[in-house]
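Trainee: I am new to this structure and would like to look closely at one part before trying to take in the rest. Could you choose a loop, take me through it with care, and then connect it to what else deserves attention?

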Amino acid sequence: MARRWTNTLGPRDVTPEAVFLNRRQIIAGAAGAALVGLPGAGRANTLEPNSWEDITSYNNYYEFGTRKDDPEKYAHMLTTEPWTVRIEGMVDRPGDYAFADIMQEMTVEERIYRFRCVEAWSMVIPWTGFELADLLGLAGAQSGAEYVAFETALRPDEMPGVHYNVLDWPYVEGLRMDEALHPLTIMATGIYGKDIPNQNGAPLRLVVPWKYGFKSIKSVVRITVTEDEPPTSWNKANAREYGFYSNVNPNVPHRRWSQASEKVIGTGLFPTRQDTLMFNGYADEVAGLYEGMDLSRNF
Ligand SMILES: Nc1nc2c(c(=O)[nH]1)N[C@H]1C(S)=C(S)[C@@H](COP(=O)(O)O)O[C@H]1N2
Ligand SMILES: [Mo]
């Protein structure tokens with residue numbers, strides 16, 4: 001992972017939404033090449049991002065409550081400046097990394113990704129952020145490490161939802177190392193070129209576009225590089241329904257509902273439904289990671 005980092009775009013380089021929309025085709029063709037020309041998808045080649053309003057008002061962030069509008073109402077209580085991420089475990093340079101220092105080192109890009117929640121709704125979100133691989137490189141992740149574990153802040157004074165035992169706090173997630181190093185895996189720090197709003201996981205959150213949304217852990221304060229498969233919040237809460245991998249897969253239903261189609265957020269009172277794509281449309285890029293695995297067992 002010998003790489004040099006250059007800072008091409010800071011989190012405060014604001015791109016007005018209208019300008020952003022005009023540029024989206026170019027961006028989708030460059031950074032988001034994965035999104036263009038999906039075989040057999042029967043869809044437009046460019047993705048139409050959801051509005052800022054949809055993306056920031058229809059959220060899951062249970063630390064602030066379980067209703068879709070709770071995060072927008074309450075996440076402003078979270079203090080995100082200053083922010084540090086502890087990176088530890090099998091790394092050459094463990095320590096507390098200030099978010100501002102991380103941003104100095106990272107190449108921030110814009111990526112338009114499909115986002116698919118396990119509750120069978122979907123959006124398209126124009127993230128800005130950097131590749132997780134670059135952050136792991138900065139900390140000196142060691143060869144031989146197999147997994148990466150993530151943890152969200154736990155602040156009872158700032159998070160009204162953590163007083164309820166809906167999950168075992170703090171929220172934790174994990175990836176296999178090859179998933180973590182995949183170029184589609186990013187740490188998002190913005191949306192539409194603006195700083196990421198608290199309800200979406202400020203100041204930095206994981207985004208893994210081929211997995212159900214709950215893998216994309218918000219407001220990360222700890223990253224541990226490890227040999228062992230780490231525990232994950234939804235698997236701890238209900239192992240029958242939520243596995244470690246959680247790859248978007250229309251052929252493997254959730255125990256209580258089909259995963260073959262999804263509601264398209266932002267399509268009005270009688271929302272459009274569309275067929276869910278294998279690996280959320282990123283099969284060409286990521287199917288190889290799971291070759292030989294039985295995805296109905298490793299769900
Ligand atoms: N810390 C934390 N991260 C979280 C969650 C959460 O409740 N707490 N919800 C997850 C779920 S279920 C989804 S679908 C996505 C939602 O991201 P969004 O609100 O930015 O669309 O965040 C994921 N990350
Ligand atoms: Mo979700």
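Mentor: Let us begin with P203, which lies in the loop between β8 (194-195) and β9 (205-207), and keep in mind throughout that this is a predicted model. The peptide bond that joins A202 and P203 is cis, with an omega of about -5°. Most peptide bonds are trans, and most residues other than glycine have a negative phi, so it is worth looking for other departures of either kind. Another cis bond is the one from E81 to P82, with omega near 0°, and here P82 belongs to the loop between α3 (70-74) and β1 (84-89). A departure in phi appears at S246, which is not a glycine and yet has a positive phi of about 55°; this residue is found in the loop between α7 and β11.

That last loop also takes part in a ring contact, and the structure holds 12 aromatic pairs. In one of them, the ring centres of Y147 and F244 are 5.8 Å apart and the planes stand at 80°, so the pair counts as edge-to-face. Because Y147 is in strand β5 (residues 147-152) while F244 is in the loop between α7 (233-237) and β11 (261-264), this pair ties together parts that are 97 residues apart in sequence.

From there we can turn to the ligand, which gives a second place to study in detail. Ligand 1 sits in the largest pocket, where 16 residues surround it, the closest being N59, Y62, E63, T152 and K218. By character, the residues of this shell divide into seven nonpolar, six polar and three charged. Several contacts can be followed atom by atom: a polar backbone atom of Y62 is 2.7 Å from an oxygen atom of ligand 1, and an N or O atom in the side chain of K218 is likewise 2.7 Å from an oxygen atom of the ligand. At S216, by contrast, a backbone N or O atom lies 3.0 Å from a nitrogen atom of ligand 1. As for how much of the ligand is covered, ligand 1 taken alone exposes 540 Å², and the protein buries 98% of that.

Methods: Residues are numbered from 1 along each chain as its sequence is written. Chains are lettered from A and ligands numbered from 1 in the order in which they are written. This is a predicted model: local features need pLDDT of at least 70, side-chain atom pairs count only at pLDDT 80 or more; totals for chains, interfaces and linings use all residues. Side-chain values use heavy atoms; hydrogens and water are left out. A residue is near a molecule or strand if one of its heavy atoms lies within 4 Å of it. A polar contact is a pair of N or O atoms within 3.5 Å; within protein, one must be able to donate a hydrogen and the other to accept it, and residues adjacent in sequence count only if both atoms are side-chain atoms. Accessible areas come from the Shrake-Rupley method with a 1.4 Å probe; for residues, only the protein chains shown count as cover. On a 1 Å grid over the protein atoms alone, a cavity is a set of points where a 1.4 Å probe fits but cannot get out, and a pocket is an open set with protein on both sides within 12 Å along at least five of seven lines; lining residues have an atom within 4 Å of a point. A molecule sits in a cavity or pocket if more than half of its atoms lie within 2 Å of its grid points. Ala, Val, Leu, Ile, Met, Phe, Trp, Tyr, Cys and Pro count as nonpolar, Asp, Glu, Lys and Arg as charged, and the others, Gly among them, as polar. Rings of Phe, Tyr and Trp (its six-membered ring) pair if their centres lie within 6.5 Å; planes under 30 degrees apart count as stacked, over 60 as edge-to-face and the rest as tilted. Helices (H or I, at least four residues) and strands (E, at least two) are DSSP runs, numbered from the N terminus.
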